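I set out to record, entry by entry, what I looked up in this structure. The entries follow the order of my reading.

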Number of protein chains: 2
Amino acid sequence: MASLAEENYLKLIYHLSGSGAEEVSTNALAEQTQTRAASVTDMLRKLADKNLVHYKKYQGVRLTPEGQEVALQVIRRHRLWEVFMVEKLGFRWDEVHPIAEELEHIASAELINRLDAFLDFPVSDPHGDPIPTAAGTMPSPEYEKLCEVTAGQRVTMMGVSEHAASFLQFLSKAGLIPGSIVSVLEINDFDRSMILKINESAPSFVSYEVARNILIKFSV
Amino acid sequence: MASLAEENYLKLIYHLSGSGAEEVSTNALAEQTQTRAASVTDMLRKLADKNLVHYKKYQGVRLTPEGQEVALQVIRRHRLWEVFMVEKLGFRWDEVHPIAEELEHIASAELINRLDAFLDFPVSDPHGDPIPTAAGTMPSPEYEKLCEVTAGQRVTMMGVSEHAASFLQFLSKAGLIPGSIVSVLEINDFDRSMILKINESAPSFVSYEVARNILIKFSV
DNA sequence: ATAAAAATTTAGGCTTGTCTAAATTTTTAT
DNA sequence: ATAAAAATTTAGACAAGCCTAAATTTTTAT
Ligand SMILES: [Mn+2]
Ligand SMILES: [Mn+2]
Ligand SMILES: [Mn+2]
Ligand SMILES: [Mn+2]
């Protein structure tokens with residue numbers, strides 16, 4: 001039904017709107033799609049004609065329920081393929097995103113549901129992002145940012161909010177991957193950098209910029 | 001490099017040319033692609049400009065070495081995904097072709113080579129068709145047609161030369177799948193139909209039309 | 001050897017998704 | 001409250017892939 005380009009726009013609108021909460025601007029979409037604002041305007045009109053977005057000229061855009069459903073399906077496919085590539089094919093978590101960008105457009109529901117079962121119904125992808133259900137709902141686990149943890153606390157690494165390959169590679173090297181147990185040994189007041197103990201290995205240093213992009217939950 | 005449409009043309013030219021042996025006509029391509037001859041002509045000019053086919057007006061088309069390499073890659077991807085769907089996801093062999101038509105266009109070589117390893121380097125797909133190597137060569141096992149077997153002989157079912165879902169479903173019901181051991185009990189001279197014993201089950205009847213599309217090798 | 005038939009190509013056009021340049025609307029700053 | 005700046009839309013264009021209708025070339029049948 002929705003073309004590849006349309007699916008990409010819908011997915012992007014979902015992400016940029018904060019899961020559908022706010023309006024998304026034409027320029028924000030143009031920046032992320034690597035296209036020009038004029039091209040975005042054209043597409044928004046088409047999506048509005050198909051009832052996939054609410055769009056009023058100059059007023060930004062948001063997903064309709066139909067548009068959100070398409071977006072969530074695409075995100076579900078993307079994240080399941082990422083799990084497949086990491087868990088079954090042995091890819092690293094910093095390698096899979098660009099390939100998932102292509103695989104996410106293979107539409108067969110039968111394929112995706114069987115893949116889901118084959119992977120044992122994972123609830124999150126290799127980066128800790130939740131996987132929408134077949135029924136089209138997005139689980140929203142409540143994680144904190146590592147930068148908000150106080151010294152002396154022990155937390156579990158749950159995911160990232162920044163997906164750049166270089167960032168992910170840095171985290172792997174530090175042993176900071178989902179599931180890692182992290183104790184905050186020390187926080188430097190001046191720049192909010194942290195010294196962490198990760199899974200019983202030697203203490204390591206992370207900047208505020210890094211800590212801000214790590215999602216954690218407090219260990220019970 | 002090659003677009004999705006281009007990949008489909010190249011793959012089709014490969015198949016219709018008998019693995020590159022003969023020239024393919026515009027009309028033959030138009031019929032299979034469900035497009036008009038005029039559209040095929042347009043595409044052939046584009047493919048010729050990119051040095052993927054040899055094309056002379058009114059004289060038909062054949063693949064260049066470059067074109068053949070692309071075609072074999074696409075066929076390799078198609079067949080590996082079919083193995084994946086049947087072996088890992090539990091699809092039936094009559095269900096996977098349309099989905100593989102989409103998956104075959106995901107280009108990542110890394111993905112395909114890892115998938116190949118994950119599947120234990122299969123040499124043929126669920127229909128018995130050989131899988132081109134990563135290096136771009138097509139294995140060509142030499143199979144006979146079941147219709148050429150004489151009464152009393154015992155053979156192994158190796159594949160099919162007709163891929164229609166209805167045909168594949170019929171074969172499954174009869175237990176005629178790759179690997180089955182088949183003894184030809186009787187051949188009816190009049191219509192060349194056969195009575196077979198398949199894997200020790202009760203004798204079953206197949207028409208010449210069916211036997212003609214089953215590939216076998218003689219058991220050693 | 002020719003005329004009819006079949007195959008193929010050319011000409012002109014359409015849709016999707018993109019572009020640049022120009023016009024318009026909204027926002028921001030005085 | 002305006003004027004400048006920023007954001008957005010409109011206008012006109014283009015490539016990819018497809019279409020129909022008409023022209024051309026090749027093949028087949030007399
Ligand atoms: Mn991703
Ligand atoms: Mn995409
Ligand atoms: Mn197939
Ligand atoms: Mn295809």
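The notes below concern a predicted model.

**Entry 1: domains of chain A.** I began with the domain assignment. For chain A it gives domain 1 as 4-63, domain 2 as 76-141 and domain 3 as 144-218. I then looked up the separation of domain 1 and domain 3 of chain A, and their centres, taken over C-alpha atoms, are 34 Å apart.

**Entry 2: surroundings of DNA strand C.** I next asked which residues are closest to DNA strand C. I found 22 residues around the strand, and the closest are S3(A), S39(A), T41(B), Y55(B) and K57(B). Of the atoms of DNA strand C that come within 4 Å of the protein, 72% belong to sugar and phosphate.

I sorted the surface near DNA strand C by class and noted nine nonpolar, nine polar and four charged residues.

**Entry 3: individual contacts with DNA strand C.** I listed three atom pairs. In chain A, a polar backbone atom of R36(A) lies 2.9 Å from a phosphate oxygen of the strand. In chain B, a polar backbone atom of N27(B) is 2.8 Å from a phosphate oxygen of DNA strand C. For D42(A), I noted a side-chain N or O atom at 3.2 Å from a base oxygen of DNA strand C.

I then looked up the elements that give two or more residues to the surface near DNA strand C: α1 (4-16) and α3 (37-49) of chain A, with α2 (26-33) and α3 (37-49) of chain B. The element that gives the most is α3(A), with five residues.

**Entry 4: R77(A).** I turned to R77(A), which is placed in helix α4 (residues 65-87) of chain A. Is R77(A) buried or exposed? R77(A) counts as buried because its relative accessible area is 6%, while the limit for that term is under 20%. Leaving out residues up to four places away in sequence, I recorded contacts of R77(A) with E7(A), E104(A), H105(A), I106(A), A107(A) and I112(A).

**Entry 5: strand pairing around β8(A).** Last, I followed strand β8 (residues 214-218) of chain A, which is antiparallel to strand β3 (residues 144-145) of chain A and joined to that strand by two bridges. Here E144(A) is opposite I216(A). Strand β4 (residues 154-160) of chain A also pairs with β8(A), in the antiparallel sense and over five bridges. For this strand I noted V155(A), whose bridge partner in β8(A) is F218(A).

Technical notes:
Residues numbered from 1 in each chain as written. Chains lettered and ligands numbered in written order. Predicted model: local features only at pLDDT ≥ 70, side-chain atom pairs only at ≥ 80, totals over all residues. Heavy atoms only, no water. Pairing = 2+ DSSP bridges. Helix = DSSP H or I, 4+ residues; strand = E, 2+ residues; numbered from the N terminus. Buried < 20%, exposed > 50% of the residue type's maximum accessible area, 1.4 Å probe, protein only. Contact = heavy atoms within 4.5 Å. Domains from an automatic or database assignment. Near = heavy atom within 4 Å. Polar contact = N/O pair within 3.5 Å; in protein donor to acceptor, adjacent residues only side chain to side chain. Nonpolar A, V, L, I, M, F, W, Y, C, P; charged D, E, K, R; others polar.
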